[in-house]
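Q: I should like a close look at one part of this protein, namely its strands and how they are paired and covered. Please set that part within the fold as a whole.

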Amino acid sequence: VQDEPPSSNLTADQLLDGLLTAEFSSGSCRSRYEFASYHDKKKRNRPSHKPSPYLLAKLRRQEALQKRCGPGTAPYRAAIRQLKSGDGAVAADADDCRYLVSIPYQGLGNRMLATASAFLYAVLTERAVLIDHDVGALFCEPFPGTTWLLPPSGWFGGGFPLAHLEDYDGDSKESLGNMLKANVLSVGANGNATWSDGGHRPPYVYLHLEGRYDSDDKLFYCDEHQRLLRGAPWLLMKTDSYLVPGLFLVPSFQDELGRMFPEKDAAFHHLGRYLFHPVNDVWRAVTGYYGAHLAGAWQRVGLQIRVFNNKKQKLRHVLDQVLSCVRREKLLLDDPPSKTAASNASVVVDQAVLVTSLTSWYYERISEAYGGDRRVHLHQPSHEGRQKWGDASHNGRALSEMYLLSTCDVLVTTGFSTFGYVAQGLGGLRPWIMPATPMWLPDTGVVPDPPCVRAISVEPCFHSPSYYDCAARKGVDVSKVLPYVRRCEDVSWGIKIA
Ligand code: GDP
């Protein structure tokens with residue numbers, strides 16, 4: 001809901017080439033229209049990744065749909081009444097409004113990727129998306145004149161009647177997989193999916209899209225199941241992943257996705273910049289830190305160091321891996337000055353190196369290694385010690401660091417980390433990715449060779465794709481189906497758009 005009149009005189013740059021609507025006021029959320037000035041692509045010589053006119057039209061349509069169907073409207077109240085009544089047909093007075101409730105979980109990077117995925121799925125299936133998590137404290141509203149937050153139960157305009165959404169899991173009887181197992185829904189020999197004859201249609205379907213989901217839940221990625229889901233007034237989606245590469249593999253979505261993203265490998269780049277605008281407090285931290293430590297440098301280099309071992313954050317071989325990566329790829333200035341620098345002696349050549357990590361140990365060791373070189377200035381905004389749950393200021397610092405990393409010219413990230421994926425995606429940067437050991441695998445203690453590889457695109461990796469070919473009814477190597485959906489550099493079983 002607007003508190004001030006909309007901003008006028010916004011430039012195409014400030015509106016991210018039309019990605020953002022000018023309908024908001026500037027003061028309520030400074031990051032929305034200031035973001036562009038920290039990502040000056042012309043100055044930084046980055047690929048421009050302009051959003052397509054088709055994507056812009058879809059976003060404006062989605063904004064209208066969110067306003068028409070969102071909390072507080074008559075269709076929303078009708079849909080809530082229907083959900084409470086337990087009836088699964090779309091309400092007569094629902095004005096064609098259908099809903100996707102997104103239940104993101106895990107750390108902030110995971111939640112942002114899950115939210116962007118849910119949003120894109122909602123656009124594709126013409127649903128209003130409502131998010132069930134504490135994004136309200138971190139992000140501004142992306143849709144004008146309405147809210148993207150799921151109203152709490154008891155809210156006067158129609159609170160959401162289902163409680164404890166985070167407890168839904170693979171055992172929930174309302175899940176797509178379990179309803180298929182129980183024959184509440186079924187797919188006939190002709191490939192058509194149907195609700196059971198005369199059976200009671202559930203008022204909602206829960207989409208369980210977690211890392212360890214089973215083969216029935218994975219049928220979400222099949223056309224016939226998508227046709228079936230279209231009829232459900234409410235969908236609940238729980239995920240911690242970037243599902244977009246999986247959506248590209250659903251044949252009936254390919255045409256729309258191709259038109260929305262002619263440059264397919266910029267999907268998250270656009271979605272993230274459209275959706276995520278840090279609130280003023282967080283943005284103040286970003287711009288203040290940037291101005292004090294990064295703005296004046298000839299070049300900004302981001303080193304995102306993430307150790308998944310919760311007990312041991314200071315690992316000598318991870319330090320060696322970072323040093324080995326920056327030396328091998330000549331990313332820091334103790335190597336011979338680059339051609340650009342050498343050819344123009346009047347240019348002051350110095351680097352601001354932004355280190356992010358839960359511990360200050362890496363920052364200290366790298367500072368020692370580069371201490372003798374006055375052209376290299378290292379900075380680390382925070383060292384939180386450990387990941388903290390439900391702590392708004394901790395999450396705010398994590399968010400501000402993702403944004404600071406995204407302003408860098410050169411980025412080194414830790415493989416497997418969604419924190420790094422968000423930074424590279426927002427910035428439109430192809431990072432050097434350092435292979436890392438996930439928490440459930442034993443750490444070999446050895447520096448990988450090579451210590452880092454250049455990412456094939458700026459897109460995040462989808463860690464848990466379905467390997468089922470719905471039409472052929474058998475398993476398939478999903479990294480071989482489409483030329484632009486490939487295996488990730490950092491997760492051998494994951495796929496990404498490139
Ligand atoms: P992932 O676990 O690397 O995929 O990233 P997530 O963002 O999903 O979860 C990690 C969480 O740990 C973050 O959201 C932060 O809360 C915290 N964290 C990890 N690394 C850092 C860091 O470098 N800086 C800050 N401020 N927090 C971090």
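A: The answer below begins with the strands and then turns to a helix and to the whole chain.

The model is a predicted one, and its secondary structure amounts to 16 helices and 16 strands. Six of the strands form an open sheet with mixed pairing, in the order β9-β8-β7-β10-β11-β12. The edges of this sheet are held by β9 (376–379) and β12 (453–454); each has a single partner strand, so one side of each is left without a neighbour in the sheet. At the β12 edge, the partner is strand β11, residues 432–434. β11 and β12 run antiparallel and are joined by two bridges. Within this pairing, Trp 432 has Arg 454 of β12 as its bridge partner.

A parallel pairing is found between strand β1 and strand β2 (residues 128–131), which are linked over four bridges. One position in this pairing is Ser 102, which stands opposite Ile 131 in β2. Strand β1 spans residues 99–104, and six of its six residues are buried. The cover extends to both faces of β1. On one side lie Tyr 99, Val 101 and Ile 103, and on the other Leu 100, Ser 102 and Pro 104, all of them buried. Ser 102 thus combines a buried position in β1 with a place opposite Ile 131.

Among the helices, α7 (residues 223–230) is also mostly covered, with six of its eight residues buried. The buried residues of α7 include Leu 228 and Leu 229. Asp 223, Glu 224, His 225 and Gln 226 are buried in α7 as well.

These elements belong to a protein of 498 residues, of which 58% count as buried. The radius of gyration is 23 Å, close to the 23 Å given by the globule rule for 498 residues, so the protein is as compact as a globular protein of that length. Taken along the principal axes, the box filled by the C-alpha atoms is roughly 80 × 55 × 40 Å. Of the contacts between residues at least 6 apart in sequence, 71% join residues at least 24 apart.

The outer surface and the charges complete the description. The accessible surface is about 20600 Å², and carbon and sulfur atoms account for 52% of that area. There are 55 positive and 53 negative side chains, and the centres of the two sets lie 3 Å apart.

Key. Residues numbered from 1 in each chain as written. Predicted model: local features only at pLDDT ≥ 70, side-chain atom pairs only at ≥ 80, totals over all residues. Heavy atoms only, no water. Rg over C-alpha atoms; globule rule 2.2 N^0.38 Å. Buried < 20%, exposed > 50% of the residue type's maximum accessible area, 1.4 Å probe, protein only. Contact = heavy atoms within 4.5 Å. Areas by Shrake-Rupley, 256 points an atom, 1.4 Å probe, with all protein chains shown as cover. Lys, Arg positive; Asp, Glu negative; His and termini not counted. Charge placed at Lys NZ, Arg CZ, Asp CG, Glu CD. Pairing = 2+ DSSP bridges.
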